[in-house]
Every structure is written in C-alpha cells, then in structure tokens.
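Me: I'm new to this structure and would like a close look at a single part of it, namely the inside of the fold. Please take it slowly and tie things together as you go.

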Amino acid sequence: MTKPPLPPESARWRRRKDARPQEILEAALAVFAEKGFSAARMEDISKRAGVTKGTLYLYFEGKEALFKALVRESLSPLIDTLAAQARAFEGSSRDLLTMLLTAAGGFVRSSDRVVLPKIVIAEAGNFPELARFYRSEIIDKGLGLLEEIVARGIARGEFRSVEPAHAARLCIAPVLFAAIWRITFARLEAQPYDYDGLIATHVETLLRGLSVGET
C-alpha cells in the first residue's frame, strides 16, 4: 500500500506553530498546579512546554496573561454554554437547576482546569488583579445565572420566596467545596471520592429547601 506523501515542511511547521499556544497553556496549568502561582516561573513553563523562554513571550506577556487565557479557554465557555442552555430551557426550574449543577459537578469531577479556582483563592491577596478578573469573568456571571434561575422558579410558583442572591451562593458552595477537595485531598484518599453522589445529594437537599410546601 502506497503511503500518502508527507505534507510540505512549511505546512508541518505551520501546524506546529498553531499548536504552540495550547501546548504552552497545558504546561502553564501543570506548573501552576505543581508549584502554585506565586512560585511558578516563566522559565519553568517554557521548559515544560519544550520551547525557549523567548518563544513563550511571543505568545503570552507573563504569568497573569497565561492564567487569564486558561480561564477564557475553559471556564468562560462553560459558563456561556450553560447560560445559553438555561435561557432556552422550557422545563421546570427544578429540572433546570438540576441540569446546571450536575454539569458543574461533572466539570469538577473530570477537568484538570478545576485547579483554577483554588489558585485564585490561594493567591487573591498577592495578585488582586487576578481575583478581580476571575470575579468579573466567572463568579459574577455564574452567580447571576443562578440568581436568574431561582428568581424564575419563584415567579412561576415553583420555589418559595427567598433572596435569590443568597440562594445562588448556596447553590454553588458545595460545588466549590468539591473542587477544593479534589485538588487538595484526593491524592490522600484510599478510594476515589464520589463527587457525582455529592452533587446529587446537594441538589436533592437544595430543592427540598427551595420547593413550595416542603418542610
């Protein structure tokens, strides 16, 4: 069987060049997770990515730019996708809240990007600009979406009258706990923790508290 011809050198070089930003982001994530944001150096990231430090700076100005890019390429699309699904959803608010929190729990269970919120919590004092960015890019949008869902349920008579801003924070708190637990303590456990079970129990308990007529 005749082998297909190799692509021209210029085409292979272009594919390699186009892949570099993502390779650098993966390297940055690994270094941030291993060393923490403060201790991570651009030199560490360039070595992990297999590029020179000069090449690294062609794509990203510094660690802050790398962190923001990681958030924008993973967490921001997740929030945007969930928001679009929520606004097109025609079922009950109970089902909508279940869908959203289950999706968030799946992300916590399976994605290596789950380390990002821990980095923000750990480094907010030293890097307040990162905290401001993460709040406006992720937290405010996520809480706003949850507030909309709770307010929707109240308006439709599905949920009791509660303050949506407080309820939104109660919705996400166990998800954030699961993220921190996975990054901090999972390596110490004899058996993998059942994150899906945690989220399912959280959703059931939350809905009992929100539902009209539940005591």
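Reply: Let's start with one term. A nonpolar core here is a set of buried Ala, Val, Leu, Ile, Met, Phe, Trp, Tyr and Cys residues that are joined through side-chain atoms within 4.5 Å. "Buried" means a relative accessible area under 20%. One caution before we go in: what you're looking at is a predicted model.

First, the setting. The protein chain has 9 helices and 0 strands, so its pattern along the sequence is simply α-α-α-α-α-α-α-α-α. Its C-alpha trace spans about 70 × 50 × 35 Å along the principal axes. Of the 215 residues in the protein chain, 40% are buried. Take the contacts between residues at least 6 apart in sequence: 71% of them join residues at least 24 apart.

Now to the core itself. The largest one has 62 residues, and those with the most contacts inside it are Phe-32, Ile-45, Leu-66, Phe-67, Leu-97 and Leu-101. Two or more residues come from each of α1 (9-35), α2 (42-49), α4, α5 (93-110), α6 (115-123), α7 (128-155), α8 (164-185) and α9 (195-210). The largest share of this core, 10 residues, comes from α4. As background, nonpolar side chains in soluble globular proteins tend to be buried together.

Ile-45 is a handy place to zoom in. Setting aside neighbours within four places in sequence, Ile-45 is in contact with Ile-24, Ala-27, Ala-28, Val-31, Phe-32, Leu-56 and Leu-66. Two names in that set, Phe-32 and Leu-66, are also on the list of residues with the most contacts inside the core.

Next, have a look at Val-120, which sits in helix α6. Is Val-120 buried or exposed? Its relative accessibility is 11%, so Val-120 counts as buried. Apart from residues up to four places away in sequence, Val-120 touches Phe-67, Ala-131 and Tyr-134. Phe-67 is another of the core's most-contacted residues. You can also find Arg-132 from here: Val-120 and Arg-132 are 12 residues apart in sequence and 9.6 Å apart in space, C-alpha to C-alpha.

α4 deserves its own stop. It covers residues 63-88, and Lys-68 is in it. Lys-68 is charged by class, yet its relative accessibility is 18%, and it counts as buried because the cut-off is under 20%. Leaving out residues up to four places away in sequence, Lys-68 touches Glu-129, Leu-130 and Phe-133. Gln-85 is in α4 too, but at 38% relative accessible area Gln-85 is partly exposed. If you want a feel for distance, the C-alpha atoms of Gln-85 and Ala-30 are separated by 31 Å, with their positions 55 residues apart along the chain.

What about open space? About 650 Å³ lies in the largest pocket. The lining of that pocket has 26 residues, and Tyr-134, Ile-138, Ile-139, Ile-172 and Leu-176 lie nearest its centre. Tyr-134 should ring a bell, since Val-120 touches it. At least two lining residues come from each of α4, α5, α6, α7 and α8, with α7 giving the most, 8 residues. By class, the lining divides into 23 nonpolar, 1 polar and 2 charged residues.

The second largest pocket has a volume of about 200 Å³. Its lining includes Phe-32, Gly-36, Lys-118, Ile-119 and Arg-187, and that brings us back to Phe-32 from the core. Both α1 and α6 supply at least two residues here, and the largest share, 5 residues, is from α6. In this lining you'll find 7 nonpolar, 1 polar and 4 charged residues.

One last stop, in a loop. Glu-158 is found between α7 and α8. The side chain of Glu-158 makes a polar contact with the side chain of Ser-93, at 2.4 Å. Beyond its neighbours within four places in sequence, Glu-158 is in contact with Ser-92, Ser-93, Arg-152, Gly-153, Leu-210, Ser-211 and Val-212.

Technical notes. Residues are numbered from 1 along each chain as its sequence is written. This is a predicted model: local features need pLDDT of at least 70, side-chain atom pairs count only at pLDDT 80 or more; totals for chains, interfaces and linings use all residues. Side-chain values use heavy atoms; hydrogens and water are left out. Helices (H or I, at least four residues) and strands (E, at least two) are DSSP runs, numbered from the N terminus. Buried means under 20% relative accessible area, exposed over 50%, partly exposed in between (1.4 Å probe, protein chains only). Contact means heavy atoms within 4.5 Å. On a 1 Å grid over the protein atoms alone, a cavity is a set of points where a 1.4 Å probe fits but cannot get out, and a pocket is an open set with protein on both sides within 12 Å along at least five of seven lines; lining residues have an atom within 4 Å of a point. Grid points are joined across faces, edges and corners, and a volume is the space filled by probe spheres set on the points. A polar contact is a pair of N or O atoms within 3.5 Å; within protein, one must be able to donate a hydrogen and the other to accept it, and residues adjacent in sequence count only if both atoms are side-chain atoms.
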